[in-house]
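Please open the model in your viewer and keep the selection box handy. We will go from stop to stop, with a selection to make at each one.

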Amino acid sequence: MGLLDDKVAIVTGAGGGLGRAEALLLASEGAKVLVNDVGGARDGKADGDGADPGMAAKVVEEIRAAGGTAETNTDSVANPEGAKAIIDAAVAAFGRVDILVNNAGILRDKTLRKMTEPMWDAVVAVHLKGTFLCTQYAAQRMIEQGDGGRIVNTTSVSGMMGNFGQANYAAAKAGIYGLTRTAAIELQKYRITVNALAPIAKTRMTEDLPMFQGMDTMTPEHVAPATLFMASDLCGDRTGHVLAASGSRMYAFRVVETRGKFKDDNQAWTAEEIAEHWDAIIK
Ligand code: NAI
């Protein structure tokens with residue numbers, strides 16, 4: 001008995017890195033998996049270093065070699081036709097969709113002052129718009145099926161906390177947080193949970209960061225069980241959470257609203273008073 005017997009899962013961007021580990025783990029728990037990946041380079045370009053249109057098919061071969069069930073899909077999450085084709089491909093192959101893992105991503109880092117509009121648009125399109133489009137089509141299908149569903153989005157420490165040189169990526173990932181919270185509220189009545197993963201792992205996206213040099217204990221395989229938890233019935237009715245996984249550390253992100261401070265007689269604050277009472281306001 002696997003945790004996901006008879007379930008159909010889609011994992012976007014699953015041709016390598018975290019998505020590959022997630023697809024392999026979900027399949028090992030009995031899910032039939034649609035392995036999606038456009039096979040682009042780290043920056044999303046089809047002709048860049050590391051681009052490989054066959055990467056999704058290789059993961060499908062790995063799943064089948066281990067006795068699992070999987071099909072390949074190479075459509076892009078970043079436009080409506082591609083996102084719809086991904087959901088349709090899962091339905092055509094396996095008859096339904098129970099789980100969607102929105103994992104596909106690219107990087108185009110530059111400081112705010114040097115970032116170009118195409119760099120902004122490309123990153124926001126894959127992460128934020130792609131997550132929106134796939135979630136919308138998959139949720140529609142899950143609602144029609146009437147059996148609930150599990151959606152796992154992928155945010156980032158960069159989006160939750162900010163990070164130097166990643167204005168486009170951090171904005172997209174923070175947007176995914178807002179999207180997750182709103183989708184969780186709207187889809188609750190259909191028994192569809194929507195949670196997000198904030199991973200840290202050594203992949204082609206992060207391998208040149210100083211923190212990963214000589215480090216072999218922060219792998220995609222350390223992170224994938226967090227996705228499995230949120231994709232399975234072990235998650236129960238928990239929704240709208242951000243589960244963070246980094247090596248052996250499992251934790252969570254939450255937005256904090258302070259208690260604040262009220263002025264007497266419902267008077268409006270002046271800017272000078274805000275300066276004077278700053279510590280009490282943000283405590
Ligand atoms: P990766 O580059 O190995 O994986 C991303 C995959 O998405 C690639 O295989 C790529 O071909 C695919 N992809 C790109 N554009 C696509 C599109 N339009 N449609 C379909 N597939 C597309 O990188 P990694 O690290 O595995 O990243 C996976 C996710 O985790 C990303 O969303 C990333 O932002 C996120 N993440 C990763 C962290 C880490 O420490 N590795 C930290 C925080 C977030």
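What follows is a tour of the sheet, a helix, the cores and some salt bridges.

**Before you start**

You are looking at a predicted model, in which local features need pLDDT of at least 70 and side-chain atom pairs count only at pLDDT 80 or more, while totals for chains, interfaces and linings use all residues. Residues are numbered from 1 along each chain as its sequence is written, and side-chain values use heavy atoms, with hydrogens and water left out.

**Stop 1: the sheet**

Switch to a cartoon view. Helices (H or I, at least four residues) and strands (E, at least two) are DSSP runs, numbered from the N terminus. Look for the open sheet of 8 strands, ordered β3-β2-β1-β4-β5-β6-β7-β8 with mixed pairing; two strands pair if DSSP finds at least two bridges between them. Select 69-73 and 249-253: these are β3 and β8, the edge strands, and each has a single partner strand, so one side of each lacks a neighbour in the sheet. On average, neighbouring strands are turned by 20° against each other, direction ignored. Axes here are lines fitted to C-alpha atoms, for helices over the stretch in contact, and angles run from 0 to 180 degrees between N-to-C directions.

Next, select residues 149-154, which make up β5; this strand pairs with β6 in the parallel sense over 6 bridges. Gly149 stands opposite Ile192 of β6. On to β7: it runs parallel to β6, and 5 bridges join the two. Leu197 has Leu243 of β7 as its bridge partner.

Stay on β7 and show its side chains. How many of its residues are buried? The count is 5 of 5, so to speak a mostly covered strand, where buried means under 20% relative accessible area, exposed over 50%, and partly exposed in between (1.4 Å probe, protein chains only). Val242, Ala244 and Ser246 point one way, and Leu243 and Ala245 point the other way.

For a helix against the sheet, select 55-65. This is α2, lying across β2 and β3 and running at about 175° to β3.

**Stop 2: helix α7**

Select 220-231, the helix α7, where Pro220 is found. The 12 residues should span 16 Å at 1.5 Å a residue, and the end C-alpha atoms are indeed 16 Å apart; the expected span is 1.5 Å times one less than the number of residues. Buried residues of this helix include Val223, Ala224, Leu228 and Met230. The buried residues of α7 pack against α1, β4, β5, β6, β7 and β8.

Now zoom in on Pro220, which counts as buried because its relative accessibility is 10%. Leaving out residues up to four places away in sequence, Pro220 touches Gly17, Leu18, Ala21, Ala201, Lys202 and Thr203, contact meaning heavy atoms within 4.5 Å. Try a distance label too: the C-alpha atoms of Pro220 and Ile200 are separated by 8.2 Å, with their positions 20 residues apart along the chain.

**Stop 3: the nonpolar cores**

A nonpolar core is a set of buried Ala, Val, Leu, Ile, Met, Phe, Trp, Tyr and Cys residues joined through side-chain atoms within 4.5 Å. In the largest core, of 31 residues, select Ile10, Ile86, Leu100, Met142, Ile151, Leu187 and Val194, the members that touch the most others. Helix α4 gives the most to this core, with 9 residues. Centre on Ile86 to find contacts including Ile10, Leu34, Val77 and Cys134. Apart from this core lies another, of 28 residues, among them Val11, Ala14, Val60 and Ala231.

**Stop 4: salt bridges**

There are 11 salt bridges, each a side-chain nitrogen of Lys or Arg within 4 Å of a carboxyl oxygen of Asp or Glu. Start with Arg96 and Asp147, whose closest N and O atoms are 3.0 Å apart. Arg96 lies in the loop between α3 and β4 and Asp147 in the loop between α4 and β5, so the pair ties together parts 51 residues apart in sequence.

Next, select Asp233 and Arg150, which also meet in a salt bridge (3.0 Å, N to O). Is each partner buried or exposed? Asp233 is exposed, at 54% relative accessible area, whereas Arg150 is buried, at 10%. Finish with Arg20, Glu62 and Glu221, joined into one network by salt bridges that share partners.
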